[in-house]
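Please find below my notes on the structure you sent, set out as numbered points so that each can be checked against the coordinates on its own.

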Amino acid sequence: MRKLMSLLFLFTSLVLTAQQIAKPEKAKPKPVTDNYHGTDLEDPYRYMEDLDDPEVINWMKSNTNYAEAVLNAIPGKKEMIGKIEEMDSRTASRINSLSITDNDMYYYLKTRPEDQTGKLFFRKGYDGKESLLLDPEKYNSESDKIYTISSVIPDKMGNRVAVILAPDGSENGELVILDQSGKRIGEKLNLVQYANWTANENSLYYLKLNSSEISDMDRQMNQKVYEHILGTSQSEDKEVFSSSNSELNIKPEEFPILINDKELNMNFGLVVTVNKALKIYMNEADLSGDWQTLTTPEDEVSDFSTTEDAIYYMTFKDAPNFRIVKSKKDSPKFVDGKTYIPEHKNGTLDGYALTGDGLYYTVKENGVETKIYFKSNNDDVPQQLDLPLTAGTASVSSKGPDFSDIWVSLTGWTTPGKRFKYNPETNEFTNEPMSSEAEYPELNDLVVKEVMVSSHDGVKVPVSIIHNKNIKLDGNNPTTMYGYGSYGISSGPFFSPLMLVHTLYGGVFVVPHVRGGGELGDAWHRAGQKTNKPNTWKDAIATAEYLIDKGYTKPEKLSFFGGSAGGILVGRAVTERPDLFSAVAPMVGAMNTVRMEETPNGPVNAPEFGTVKDPEEFKGLLEMDSYHHVENGTEYPAMLVTSGINDPRVIAWEPAKFAARAQMANASDDPILLLTDFDSGHGIGDTKAENFELFANIFSFFYWQADHPKFQPPADLID
């Protein structure tokens with residue numbers, strides 16, 4: 001399919017100068033009506049939910065061909081990709097998914113400028129000689145699918161490593177086990193979502209999907225954890241943790257996770273959904289005992305770690321900014337514990353790590369600056385670390401409570417990531433980069449402003465604004481907003497060469513830290529959840545109005561993008577206030593939330609967005625449904641709507657239905673494009689070239705609509 005699309009593009013590019021790019025036909029509505037709790041709701045494009053229907057697929061393909069032709073006709077796009085590639089080439093290698101074993105074996109994914117995806121490498125110690133263990137491009141030479149590595153799981157001493165790969169963004173994991181030379185051990189395991197080594201390390205626990213078909217409603221229901229003994233067939237694997245454990249009352253839509261903990265020499269069973277409040281159970285390492293309940297959702301525990309004599313729980317119970325509770329080994333339940341790290345009133349505790357010396361934790365203040373604290377085993381009062389540079393975002397990682405090793409990673413809007421090893425005895429930071437470090441002199445021209453914007457209800461919303469220091473606040477700056485606002489996930493600060501390239505054309509980059517995210521703690525998250533979801537897009541609308549009022553931009557030059565659950569944010573902002581934007585791009589977005597539970601990934605998301613089975617939550621889902629808020633005869637701004645045909649998280653018909661409805665309703669001449677990737681999914685597992693192309697598409701499309709002179713296609717070329 002990739003080769004076919006390339007040939008189609010080549011042919012199209014040859015005829016662009018000779019003839020106009022013609023729009024595909026608009027999709028014909030075929031209304032059906034549903035009744036929800038006494039409310040009749042018409043759905044004009046229900047038939048598009050059948051992705052096996054040739055009419056639907058052909059319409060999506062014709063729209064994709066048109067969108068690609070239009071985007072490739074934007075003059076500045078090719079130059080922008082070149083600048084992205086040049087910035088990427090400044091870094092000799094980028095490393096992620098790092099795992100360090102007890103005896104200092106390093107396993108990691110490494111991507112060089114010439115690589116399209118990360119390859120698995122291994123070395124003994126930080127200064128050891130590295131060796132290539134697995135190149136995903138050569139993993140399955142008989143297939144034309146593109147594989148990427150999603151998980152790297154070494155055993156305790158690093159003698160073997162389990163690796164999960166998936167093809168074409170499907171997230172249908174294939175697990176293989178390698179030794180330190182890269183030799184494969186045993187057979188491949190299919191449909192694996194996660195894996196964890198058992199206590200004896202001669203077997204693995206893994207969570208298995210029920211089906212490879214992304215449209216199968218049973219794909220993620222009643223999932224089971226199996227134990228795989230090395231050297232045996234997957235067909236012989238035994239179910240060890242699932243809804244079959246009737247005493248645990250695991251619901252069909254909940255995910256069971258089984259983890260062996262070497263510190264306490266126990267097994268922990270986790271029952272999870274998108275709700276960050278975990279159900280945690282404990283059993284003997286060989287699963288011979290009865291399950292003991294450690295936490296319930298009412299305990300509001302979001303994470304935990306162990307030492308040989310205690311469990312440390314991170315919780316938001318009675319602490320919207322989170323605190324850490326310590327329970328002893330002989331009374332391990334959360335309710336038996338005592339506060340070890342109290343809630344910070346001026347910031348959110350968002351991560352921690354245990355070492356042999358004590359506990360390190362990070363506190364993010366106002367969503368945009370992070371500080372690190374250390375509580376020694378011998379001191380009741382935590383001490384703030386004097387960091388080598390100001391960090392927008394900081395994280396701590398360790399080898400565990402048996403070791404003193406602690407690493408600190410720091411980044412920010414204009415700070416490329418830095419990794420340091422910290423010595424608590426000397427209070428010194430030693431630079432220990434994994435990725436090669438690059439210079440970005442362009443950062444000298446940027447400024448960052450952190451402002452508070454009053455939203456519709458008077459609540460102050462943190463907003464980050466990044467731009468060239470020489471711009472004039474005369475309302476003529478192309479400005480792009482980015483946001484997410486769900487699951488309590490924070491949006492930065494982060495450093496991205498993609499954002500930097502955007503600013504090279506005089507653009508302003510803006511991130512509103514809207515409610516629904518986690519920037520200001522659990523209360524901030526809940527204020528953008530379910531029936532409170534309107535706060536999410538209204539915060540963004542308030543940000544847009546602020547940018548216009550302060551002279552950064554004007555509606556003719558303001559754009560907005562966001563992906564996945566961020567599609568709700570972008571979609572409802574543009575359907576509520578189409579007059580505020582020149583262009584928007586909901587990327588693989590959740591655009592039809594009323595129907596989300598009719599997709600395989602829908603039921604697990606009910607704790608975040610709600611369920612149509614509940615009358616009040618149905619109202620919330622309808623209010624956040626962008627598809628149902630498209631109105632006939634409205635002048636909508638330009639839209640670039642993306643989807644992935646292999647997407648297991650937001651099924652491709654959600655964006656397709658929204659695009660079809662918007663195209664039919666639109667009263668303006670601005671283009672509404674649907675771009676479907678027929679070889680990919682949710683973006684997870686996309687190659688570097690695919691990511692570069694995607695963001696060049698979005699930014700060049702935005703600059704075109706903002707009348708930037710470098711991005712104007714011939715006026716007579718596009719219908």
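**Notes on the predicted model**

1. I begin with histidine 629, which, leaving aside residues up to four places away in sequence, touches Arg572, Thr575, Leu622, Glu623 and Tyr636. Please keep in mind here, and in every point that follows, that the model is predicted. Histidine 629 sits in the loop that runs between helix 9 (615–623) and strand 37 (638–644).

2. Two polar contacts of the histidine 629 side chain deserve a look in the viewer. One is to the backbone oxygen of aspartate 625, which lies 2.9 Å from a polar side-chain atom of histidine 629. The other is to the backbone oxygen of leucine 622, which the side chain of histidine 629 reaches at 3.5 Å; since 3.5 Å is also the limit within which a polar contact is counted, I would word the leucine 622 contact with care in any text.

3. How many cavities of 30 Å³ or more does a search of the whole structure find? The search gives 1, and the volume of the largest cavity is about 30 Å³. The residues lining the largest cavity are Asp34, Tyr36, Leu41, Glu42, Asp43, Arg46, Val594, Arg595 and His628. Strand 1 (32–36) and strand 2 (39–43) are the elements that contribute two or more residues to this lining, and strand 2 gives the most, with 3 residues. Sorted by class, the lining of the largest cavity comprises 5 charged, 3 nonpolar and 1 polar residues.

4. Turning to the sheets, one open sheet is built from 4 strands in the order 7-8-9-10, with antiparallel pairing. Strand 7 (147–154) and strand 10 (184–190) each have a single partner strand and stand at the edges, so one side of each is left without a neighbour in the sheet. On average, and with direction ignored, neighbouring strands of this sheet are turned by 20° against each other. Within the sheet, strand 8 (residues 160–167) and strand 9 (residues 174–179) run antiparallel and are joined by 6 bridges; leucine 165, for example, has glutamate 174 of strand 9 as its bridge partner.

5. A further open sheet of 4 strands follows the order 19-20-21-22, and its pairing is antiparallel. Its edge strands are strand 19 (301–306) and strand 22 (338–341), each of which pairs on one side only, while the twist from one strand to the next averages 35°. Strand 21 (residues 323–328) pairs with strand 22 in the antiparallel sense over 3 bridges, and valine 325 stands opposite threonine 339 in strand 22. As general background to both sheets, strands pair through backbone hydrogen bonds, either parallel or antiparallel.

6. Two points of backbone geometry remain, and I would ask you to mention both. Which residues are joined by a cis peptide bond? They are glycine 492 and proline 493, with omega at about 0°, and proline 493 belongs to the loop between strand 33 (479–482) and helix 4 (497–503). The other point concerns glutamate 201, whose phi is near 60°, a positive value in a residue other than glycine. Glutamate 201 is placed in the loop between strand 11 (192–197) and strand 12 (203–208).

Note on methods
Residues are numbered from 1 along each chain as its sequence is written. This is a predicted model: local features need pLDDT of at least 70, side-chain atom pairs count only at pLDDT 80 or more; totals for chains, interfaces and linings use all residues. Side-chain values use heavy atoms; hydrogens and water are left out. A polar contact is a pair of N or O atoms within 3.5 Å; within protein, one must be able to donate a hydrogen and the other to accept it, and residues adjacent in sequence count only if both atoms are side-chain atoms. Contact means heavy atoms within 4.5 Å. Two strands pair if DSSP finds at least two bridges between them. Axes are lines fitted to C-alpha atoms, for helices over the stretch in contact, and angles run from 0 to 180 degrees between N-to-C directions. On a 1 Å grid over the protein atoms alone, a cavity is a set of points where a 1.4 Å probe fits but cannot get out, and a pocket is an open set with protein on both sides within 12 Å along at least five of seven lines; lining residues have an atom within 4 Å of a point. Grid points are joined across faces, edges and corners, and a volume is the space filled by probe spheres set on the points. Ala, Val, Leu, Ile, Met, Phe, Trp, Tyr, Cys and Pro count as nonpolar, Asp, Glu, Lys and Arg as charged, and the others, Gly among them, as polar.
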